[in-house]
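Biologist: Could you take me closely through one part of this model, the largest pocket, and say what lines the pocket and how the surrounding elements are arranged?

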Amino acid sequence: MNSFKMIWTSLIKLILLKANDERRVRYLRKQGVKIGDRCRIRTMRFSTEPYLIEIGDHVAVAANTEFITHDGATWCFEDLAGGVFGKIVIGNNVFIGINCIILSNTTIGDNCIVGAGSVVRGHFPENSIICGNPAAVIAKTNVQRMLFRQNPGLLKTDGLTFREKDKLVREHFGKK
């Protein structure tokens with residue numbers, strides 16, 4: 001790729017980070033990422049082989065998460081120079097936290113939550129809470145649901161404008 005095209009692509013990705021989810025998803029689909037319906041994608045870091053990435057329905061991907069579909073560590077073995085490539089498949093109803101790295105040859109099942117900063121590689125069953133470096137299943141999602149329901153900071157903010165949400169949070173925590 002020539003330097004002008006690299007700069008142009010980088011500028012487009014920066015602009016799309018400020019755009020709405022629909023525009024980001026439309027762009028990523030044109031690049032070859034298979035993305036389902038009702039997704040919130042807050043990153044533009046989709047490797048050099050975006051066509052190897054599949055994302056299900058109702059998936060949220062937080063900012064600065066990176067999808068890496070290749071392993072260039074073959075550099076250390078001159079007779080294997082090139083790279084090892086693999087797909088990334090994300091199931092339905094999945095949340096991926098901020099600053100995660102999803103590596104090649106990874107499958108995340110339906111109804112999973114990936115904790116912030118996790119480095120994920122391998123196959124993870126549905127209904128799992130996945131955290132760490134290297135990532136591991138630490139609980140089932142029904143446990144997290146119970147913890148959320150008991151949390152005094154749980155506020156119903158879906159559908160609120162930024163101002164409405166801000167007012168609700170400030171009132172809840174006594175910060176007028």
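Modeller: In this predicted model, the lining of the largest pocket is made up of 26 residues, and those that lie nearest its centre are Arg 40, His 58, Phe 95, Phe 148 and Asp 158. The volume of this pocket comes to about 1300 Å³. Sorted by class, its lining holds 12 nonpolar residues, together with 7 polar and 7 charged ones.

As for where the lining comes from, at least two residues each are supplied by strand 4 (59–61), strand 9 (94–96) and helix 3 (141–150), and of the contributors it is helix 3 that gives the most, with 6 residues. The two strands pair with one another in the parallel sense, over 3 bridges, and within this pairing Ala 60 stands opposite Phe 95 of strand 9, the latter being one of the residues nearest the centre of the pocket.

Strand 4 and strand 9 belong to an open sheet of 6 strands with mixed pairing, whose order is 2-4-9-12-15-16. At the edges of this sheet stand strand 2 (40–41) and strand 16 (135–140), each of which has a single partner strand, so one side of each is left without a neighbour in the sheet. Helix 3, for its part, lies across strand 12 (113–114), strand 15 (128–132) and strand 16, and it runs at about 65° to strand 16. Helix 3 therefore joins the two parts of this description, since the helix that lies across those three strands is also the one that gives the most residues to the lining of the largest pocket.

How values were computed
Residues numbered from 1 in each chain as written. Predicted model: local features only at pLDDT ≥ 70, side-chain atom pairs only at ≥ 80, totals over all residues. Heavy atoms only, no water. 1 Å grid on protein atoms, 1.4 Å probe; cavity = no way out; pocket = protein on both sides within 12 Å on 5 of 7 lines; lining within 4 Å. Points joined across faces, edges and corners; volume = space filled by probe spheres on them. Helix = DSSP H or I, 4+ residues; strand = E, 2+ residues; numbered from the N terminus. Nonpolar A, V, L, I, M, F, W, Y, C, P; charged D, E, K, R; others polar. Pairing = 2+ DSSP bridges. Contact = heavy atoms within 4.5 Å. Axes fitted to C-alpha atoms, helices over the stretch in contact; angles between N-to-C directions.
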